[in-house]
Amino acid sequence: MTFALEDDRVNIEKMRPRVEELSRRLGVNPPDVVYGQPPQGADCMLKRRGKNSLIVIGATFDDLPEHLQDVDLGWAIAASDRTRVRKEGVSTSASAGIGAVAGLVGAPLIFLFDSPIPFGVVTLTLLIVIGMPIIIRGQIYALDRRVAEVCGREVVHRALEYWQKNPPQMRGLYQLAIKLQPSMAKRAARLAPANL
């Protein structure tokens with residue numbers, strides 16, 4: 001599936017071999033690549049279509065240096081591997097701990113209000129407010145390590161420095177997703193040699 005806009009600056013046919021090579025090195029089936037309009041502030045974006053993944057590359061992607069393009073593509077390709085992303089995010093024991101804490105905090109509400117509804121609301125809220133950021137951070141750190149194995153730790157460090165100086169100007173839910181992620185400085189610190 002390929003489509004183009006009038007301002008077709010990105011050569012998708014040139015991108016496909018890069019995506020296929022990075023996919024091979026990451027051990028992932030290569031997602032399809034199209035030129036399009038990712039959300040404002042993004043150079044490229046992974047989109048899911050059922051079981052398939054699609055990388056949408058925008059006009060600003062060409063403005064990035066090649067090593068940043070590879071890291072950007074690497075993150076999108078690594079994130080397309082749903083099974084591995086889920087496994088590498090947060091350990092099962094940590095997930096169980098988060099669920100147990102949320103349940104223990106919410107359990108007294110059943111007796112206090114004589115209804116399971118407040119328990120469900122409070123538990124679900126705690127899981128979203130506390131659990132989701134922990135899970136997202138774990139997944140981001142895992143993606144960083146995985147891309148560093150393929151693109152090189154120094155290249156990923158430079159990419160994180162670039163995005164720290166030039167943060168994506170996302171809006172809406174995309175901005176919230178960015179805020180839930182660890183800072184670029186924390187991500188770079190987690191890539192230190194002792195942490196790989």
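This is a short walk through a predicted model, moving from a small sheet to a long-numbered helix stretch and its surroundings.

**Stop one: the sheet.** Select residues 32–35 and 44–49, which are strand 1 and strand 2, and add residues 52–57, which make up strand 3. Together the three strands form an open sheet in the order 1-3-2, with mixed pairing. Strands 1 and 2 stand at the edges with a single partner strand each, so one side of each has no neighbour in the sheet. If you look across the sheet, neighbouring strands are turned against each other by 30 degrees on average, direction ignored.

**Stop two: strand 1 beside strand 3.** Now keep just this pair in view. The two strands run parallel and are joined by four bridges. Strands in a sheet pair through backbone hydrogen bonds, in either a parallel or an antiparallel way. For a landmark, pick V34 and look across to V56 in strand 3, which stands opposite.

**Stop three: helix 6.** Select residues 116–151 to bring up helix 6, and colour I128 within this helix. Is I128 part of a polar or a nonpolar surface patch? Show L124, V129, I130, M132 and I134 as well: with I128 they make a nonpolar patch of about 540 Å². I128 itself is partly exposed, at 49% relative accessible area.

**Stop four: R146.** Stay in helix 6 and select R146. Is R146 buried or exposed? R146 counts as buried because its relative accessibility is 4%, and the cut-off for buried is under 20%. Finally, display the side chain of D81: a polar contact of 3.3 Å joins it to the side chain of R146.

Note on methods
Residues numbered from 1 in each chain as written. Predicted model: local features only at pLDDT ≥ 70, side-chain atom pairs only at ≥ 80, totals over all residues. Heavy atoms only, no water. Patch = residues over 30% accessible without salt bridge, like charges linked within 9 Å, V, L, I, M, F, W, Y side chains within 5 Å. Areas by Shrake-Rupley, 256 points an atom, 1.4 Å probe, with all protein chains shown as cover. Salt bridge = Lys/Arg side-chain N within 4 Å of Asp/Glu carboxyl O. Buried < 20%, exposed > 50% of the residue type's maximum accessible area, 1.4 Å probe, protein only. Polar contact = N/O pair within 3.5 Å; in protein donor to acceptor, adjacent residues only side chain to side chain. Pairing = 2+ DSSP bridges. Axes fitted to C-alpha atoms, helices over the stretch in contact; angles between N-to-C directions.
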